Amino acid sequence: MINWILYWSLITLPLATILLFASQFLNRRRNKKKAVGFFHPYTNDGGGGERVLWCAVKAIQEQNPDLDSVIFSGDHDASSQSLMSRATDRFGVHLLYPPKVVHLNRRKWIEETTYPHFTMIGQSLGSVYLSWEALSKFTPMYYFDTSGYTFTYPIARLFGCKVICYTHYPTISLDMISRVRQRSSMYNNDASIARSTWLSRCKMIYYTVFSMMYGMVGSCAHLVMVNSSWTQSHIEKLWGITERIKRVYPPCDTSGLQALPLERSLETPKIISVAQFRPEKAHSLQLEAFSVAIKKLDEDLPRPKLQFVGSCRNKSDEERLQNLKEKAVQLNIHEDVEFHKNVMYRDLVRLLGGAVAGIHSMIDEHFGISVVEFMAAGAIPIAHNSAGPKMDIVLDEDGQQTGFLAQSVEEYADAILKILRMPESERLKIAAAARRRANRFSEQRFYDDLKAAIRPIICHSS
């Protein structure tokens, strides 16, 4: 008799747990809130991704005022009012009303430092856990991922949400796989792995399996918006849902920046760099190129100044910034270099308005909002000769050059010297053409294109 009771206990207890869990899950699906939930765990990263978030929130508030805007945030000090103020103060985006906030307690599971090895798969699986927390706390009709956490899409589908995403870049790209195959050392392919045939083969298998998984979860999205031609080509190949992919260029504050005069003070020419202090932004290359340019500078030309403007997301970024300051001392250019951390939007505009050139050095930058901002502000861009800047941005406008593309330290240094040496009339001609080119990536165009893309999904579902 005791054995019989024990036997049925072992069966019924797990079964009861599963049934309880299933009933709660189905209840969540039935009671979805009339809202758009924006999955953006870092609402203080200060980069182009955060600008996209606030502009997307504003666009949906304008087009669908009956839908609540909800932010899934891992920042515990974030409140409805503070986020609304941040959107205005940091990015000049005026929301129609404060968004609601759902605080996430398990953000550590998507932290890079949590996974010293197998970082991509670790963060991806961690995002599944985090999205489960988010959707268990609040289940919206529409789940809008603006941070690239693709592995959360099947979870959102399970909760009965329509899945919309704005993809800044693929988590894994065909270029990344190619570099491992060619055993090229880079920030995402350690030199010790690149030197080893066996480790490179193991990483190739890891990347191949991950890319297959990435394609499967990505295909769960109902609507995919991508930010550039480069991103679009990779996502189409990896996810295989071409008909659901729309290119929507990111919002760049071209209108505000275009009000700045093109004329600049040439007493101390300023070259500006705007990017988060992340490893892939390759700030060291910019310092080295600037150092080379200083050494080659004509004696009769004024000595330029390099201004770094960016935000720090965490301790690693802070350490990276400190290393850059130390490197400037080592190169003996510290008196010619300035660092501006976590500046307000109005201060960024002021700095852009004083620069003759803007420098960008990330390889395979998916788009390059900062490059467009340089152009709109009248600073001639010197961008990396790859991906977004090469394919979409730094192209001739009406037959007129709009900037420079470079790859090596020497090429960047040469571009800096060309701008410093060119006559003012030529600089103004290039700056004017660059400004016209920047019109193609305005904030208003982003609003129009995003509203057009989401209209069939949101209006039809509503």
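## Exercises on salt bridges, aromatic pairs and a parallel sheet

E133 is buried, with a relative accessible area of 5%. The model is predicted, and the exercises below start from this residue.

**Exercise 1.** Identify the salt-bridge partner of E133, and determine how the two residues are placed in the helix that holds them.

*Solution.* The first step is to find a side-chain nitrogen of Lys or Arg within 4 Å of a carboxyl oxygen of E133. K137 meets this condition, since its closest N and O atoms with E133 are 2.9 Å apart. The second step is to place the pair: because E133 and K137 are 4 residues apart in helix 4 (residues 119–137), about one helical turn separates them. The third step is to compare their surroundings, where E133 is buried at 5%, whereas K137 is partly exposed at 38%. Elsewhere, D75, R107 and E111 are joined into one network by salt bridges that share partners.

**Exercise 2.** For the salt bridges R86 with E50 and D68 with K100, establish which elements each one links and whether its residues are buried or partly exposed.

*Solution.* The search for salt bridges yields 21 in total. In the pair of R86 and E50, the closest N and O atoms are 2.5 Å apart. This pair links distant parts of the chain, as R86 belongs to helix 3 (residues 80–91) and E50 to helix 2 (residues 48–63), 36 residues apart. The cut-off for a buried residue is under 20% relative accessible area, so R86 counts as buried at 18%, and E50, at 0%, is buried as well.

In the pair of D68 and K100, the N-to-O distance is 3.1 Å. D68 lies in strand 2 and K100 in strand 3 (residues 100–103), so this salt bridge ties together parts that are 32 residues apart in sequence. D68 is partly exposed at 30%, and K100 is likewise partly exposed, with 44%.

**Exercise 3.** Classify the ring pair of F39 and F72 by its geometry, and then locate both residues in the chain.

*Solution.* A pair of aromatic rings is described by the distance of the centres and the angle of the planes. The whole structure contains 18 aromatic pairs. For F39 and F72 the centres are 6.5 Å apart and the planes stand at 55°, so the pair is tilted. F39 is in strand 1 (residues 33–39) and F72 in strand 2 (residues 68–73), with their positions 33 residues apart, and the pair thus links distant parts of the chain. Both are buried: F39 has 0% relative accessibility, and F72 has 0% also. In another place, F151, Y153, F210, Y214 and W239 form one aromatic cluster.

**Exercise 4.** Describe the order and pairing of the open sheet of 6 strands, and state which helices lie against strand 8 and strand 9.

*Solution.* The strand order is 10-9-8-11-12-13, with parallel pairing. The edges are strand 10 (337–341) and strand 13 (404–406), each of which pairs on one side only. From one strand to the next the twist averages 20°. Within the sheet, strand 8 (residues 270–274) and strand 9 (residues 305–310) pair in the parallel sense over 5 bridges, and S273 stands opposite F308 in strand 9. Helix 11 (residues 283–296) packs on the sheet, touching strands 8, 9, 10 and 11 (355–359), and its direction makes about 170° with that of strand 9. Helix 13 (residues 345–352) lies across strand 8, strand 9, strand 10 and strand 11, and runs at about 140° to strand 8.

Terms used
Residues numbered from 1 in each chain as written. Predicted model: local features only at pLDDT ≥ 70, side-chain atom pairs only at ≥ 80, totals over all residues. Heavy atoms only, no water. Phe/Tyr/Trp six-rings, centres within 6.5 Å; stacked < 30°, edge-to-face > 60°. Buried < 20%, exposed > 50% of the residue type's maximum accessible area, 1.4 Å probe, protein only. Pairing = 2+ DSSP bridges. Axes fitted to C-alpha atoms, helices over the stretch in contact; angles between N-to-C directions. Contact = heavy atoms within 4.5 Å.
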